[in-house]
Amino acid sequence: MQVSHDSSDGPTRTLEFVIPRDQVDTAINSRLRETAKTIKLKGFRNGKVPFSVIKNRYGRKIRLEVINALVSQHLNEVFNRKGIRPAGPPAVTTDFPVEKEDADLVVTAIVEVHPEFELPDFSQIRVESPIAEITEADIDNMVEDLREQKIGRINVSRGAIKDDLVKLDYECTIDGKVIDSSSDQSVQLNMGTGTLLPGFEEAVSGRMAGEEFEFGLTLPDNYHDQEVAGAKGHFKVKILSVSEPDLPELNEDFFKLFGIMEGGMEAFRKAVTSEMRKTMEVSKRTRLISSLSKSMLDLVNIHLPQSAIQTEIINFRQRLKKRSLAQNFDWESLPDDAFLPEAERRLKISLIIAKVLNERKITLDHDRVRQAIEDEASTYEDPATVAAWISENKEELIEFEFQVLEDQVFDHILEEAVVVEKIVPYTELVQPKTKRISPLEYTTKPLKYTAKAGIESSNSIQTGSEVATEMKPDLSATDESNSISMSADNEISATDNNHLNDENNIRQSVVTATSLTAPSADDENAVDKIDSPA
């Protein structure tokens with residue numbers, strides 16, 4: 001079979017070839033005869049239906065099925081012979097005039113192919129590897145952070161002040177029509193955080209439990225319901241409770257919350273320091289890989305096919321839906337453009353990684369996979385059960401294998417790149433360069449292991465985000481345990497972290513989709529203000 005036309009336009013390839021008429025007719029007649037042997041029609045014995053009857057009744061359907069099968073078969077042959085790697089399903093048109101007995105089947109296929117590109121000279125890459133020393137002051141600060149994260153609450157009979165937690169119900173009306181209320185769930189307001197509509201917290205300040213009051217408030221221009229944005233809303237509020245913070249004492253009971261049963265303060269500080277070191281190493285690796293990825297993208301020009309971009313946008317959207325705890329938000333309502341920059345970045349990185357794997361003949365290190373599984377399982381009370389469940393679950397095992405392969409590629413590139421160590425303070429190393437993601441949306445423990453393996457998360461001290469680098473679907477993330485993230489500001493990791501850069505922009509839609517929570521789009525801390533959806 002000859003290809004009569006073959007042209008390229010960027011990542012798009014157009015092919016035209018002919019399937020001879022006699023080959024098509026032979027395949028159709030063969031299928032018709034096979035159908036005649038098994039078809040059952042009233043008035044005929046089984047297998048004795050005349051060929052002309054079968055052809056008249058089923059000929060058109062069978063002809064379409066046969067043509068589709070032949071086109072698919074020949075396309076695969078053409079792709080294999082020409083070394084074409086489709087980036088998505090081809091757009092196929094056929095020309096087969098049935099009334100002309102001597103007319104052949106002409107097939108035209110337009111397909112986007114995976115782009116061809118050369119790997120850069122990795123020795124041109126220069127990246128900084130941050131290093132830090134953990135000081136006693138750093139440990140003191142971390143201990144205080146842990147105390148604050150275990151803070152209790154005591155109901156008070158006074159008016160609400162800064163740092164109090166106020167639980168309330170509200171109803172907002174405009175011209176007598178209810179446009180918003182807490183009918184589904186009461187709102188909890190942390191006084192002094194400015195998380196609700198501008199002016200709302202001021203109206204609550206000084207109010208006591210049991211008080212009911214009303215006030216007017218102009219809704220901001222970026223209010224989630226644009227039909228009433230900028231209008232004057234009338235609020236009715238009832239204070240259900242006011243509680244003040246109760247900071248726990250550093251005693252044996254407090255230490256036991258983190259699995260420290262003996263040894264007192266000395267043992268606790270030792271455990272804290274150990275986890276801080278682990279967080280520091282994760283952050284160091286994260287910063288290094290993030291910088292390396294950016295440098296690689298700067299050196300490689302890849303013309304991405306639209307079909308591959310669209311597929312990555314779909315996958316990215318699904319990952320966000322899986323990760324997000326805002327289950328009621330319609331991620332499908334967001335335009336593709338909101339996901340485009342990150343989809344392109346992810347796709348380029350994945351293509352570079354795949355090319356390095358193939359050209360440098362990198363094979364999977366099974367020992368590293370086993371270690372990665374053991375590291376993940378070690379954060380649960382029954383590590384052996386969790387590790388066995390991951391190893392026996394094909395989908396989960398593939399994720400770990402892919403993560404390890406990706407790490408191997410980055411290690412290979414780092415061997416050629418110029419890596420310069422840079423001394424930084426501990427707090428700078430573990431804090432993100434980008435905005436934090438609200439704990440309402442992203443936490444650190446994979447729920448599915450707890451749910452599917454039936455395992456409780458351990459109560460050990462945890463430091464920071466432990467989101468693994470990935471280019472496959474994410475682990476569902478939530479924290480059911482008493483384990484504590486020591487650094488609320490730690491960096492999200494490697495190839496997974498940068499999708500959150502663009503996601504901060506995407507999440508603006510989520511921010512304005514919550515009722516009372518409505519920071520402006522240019523608010524630097526907007527994503528931190530999603531802790532009190534109304």
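**Figure 1. Arg158, partly exposed at 27% relative accessibility, and its partner Asp164.** The model shown in this and the following views is predicted. Arg158 and Asp164 form a salt bridge in which the closest N and O atoms are 2.6 Å apart. Asp164 has a relative accessibility of 1% and therefore counts as buried, whereas Arg158, at 27%, counts as partly exposed. The general background is that side chains of opposite charge can pair when their charged atoms come close.

**Figure 2. The loop residue Asp163 and its positive phi angle.** Asp163 belongs to the loop between strand S6 (152-155) and strand S7 (165-174). The phi angle of Asp163 is near 80 degrees, a positive value in a residue other than glycine. The relative accessible area of Asp163 is 41%, so the residue is classed as partly exposed.

**Figure 3. The chain as a whole, as context for the close-up views.** The chain has 534 residues, of which 45% are buried. Its secondary structure comprises 15 helices and 12 strands. Among contacts with a separation of 6 or more, 75% are between residues 24 or more positions apart. Across the whole structure, 22 salt bridges are found.

**Figure 4. The salt bridge between Glu65 and Arg31.** The closest N and O atoms of this pair are 3.0 Å apart. Glu65 is located in helix H2 (residues 51-82) and Arg31 in helix H1 (residues 21-38), and the pair links distant parts of the chain, 34 residues apart. Glu65 is partly exposed, because its relative accessibility is 32%. For Arg31 the relative accessibility is 32%, and this residue likewise counts as partly exposed.

**Figure 5. The salt bridge between Asp140 and Arg269.** The side chains of Asp140 and Arg269 meet with an N to O distance of 2.8 Å. Because Asp140 lies in helix H3 (residues 136-149) and Arg269 in helix H6 (residues 264-299), the salt bridge ties together parts of the chain that are 129 residues apart in sequence. Asp140 has a relative accessible area of 37% and is therefore partly exposed.

**Figure 6. The crossing of helices H9 and H11.** The axes of H9 (residues 366-377) and H11 (residues 394-416) come within 9 Å and cross at roughly 120 degrees. The crossing of these two helices is right-handed. H9 contributes Arg368, Val369, Ala372, Ile373 and Glu376 to the contact, and these meet Leu397, Phe400, Glu401, Val404, Asp407, Gln408 and Asp411 of H11. Classified by residue type, the contact of H9 with H11 contains 6 nonpolar, 1 polar and 5 charged residues.

**Figure 7. A network of salt bridges at Arg285, Arg368, Asp407 and Asp411.** These four residues are linked with one another through salt bridges. Of the network residues, Arg368 is also among the H9 residues that meet H11, while Asp407 and Asp411 are among the H11 residues at that contact.

**Figure 8. The loop that precedes H9, with Lys361.** Lys361 is found in the loop between helix H8 (340-359) and H9. Although Lys361 is not a glycine, its phi is positive, at about 55 degrees. The relative accessibility of Lys361 is 67%, so this residue counts as exposed.

**Figure 9. The two faces of strand S10 and its pairing with strand S11.** In S10 (residues 212-218) the side chains alternate between two faces. Phe213, Phe215 and Leu217 point to one face and are buried, whereas Glu212, Glu214, Gly216 and Thr218 point to the other and are not buried. S10 and S11 (residues 232-246) run antiparallel and are joined by 7 bridges. Within this pairing, Thr218 stands opposite Lys232 of S11.

**Figure 10. Glu421 of strand S12 and its contacts with Ser129 and Ile131.** Glu421 is part of S12 (residues 418-423). When its neighbours within four places in sequence are left aside, Glu421 is in contact with Ser129 and Ile131. Glu421 and Ser129 are 292 residues apart along the chain, yet their C-alpha atoms are separated by 4.6 Å. Glu421 is classed as exposed because its relative accessible area is 56%.

Conventions:
Residues are numbered from 1 along each chain as its sequence is written. This is a predicted model: local features need pLDDT of at least 70, side-chain atom pairs count only at pLDDT 80 or more; totals for chains, interfaces and linings use all residues. Side-chain values use heavy atoms; hydrogens and water are left out. Axes are lines fitted to C-alpha atoms, for helices over the stretch in contact, and angles run from 0 to 180 degrees between N-to-C directions. Helices (H or I, at least four residues) and strands (E, at least two) are DSSP runs, numbered from the N terminus. A crossing is left-handed if the near helix is turned anticlockwise from the far one by less than a right angle, and right-handed if clockwise. Contact means heavy atoms within 4.5 Å. Ala, Val, Leu, Ile, Met, Phe, Trp, Tyr, Cys and Pro count as nonpolar, Asp, Glu, Lys and Arg as charged, and the others, Gly among them, as polar. Buried means under 20% relative accessible area, exposed over 50%, partly exposed in between (1.4 Å probe, protein chains only). Two strands pair if DSSP finds at least two bridges between them.
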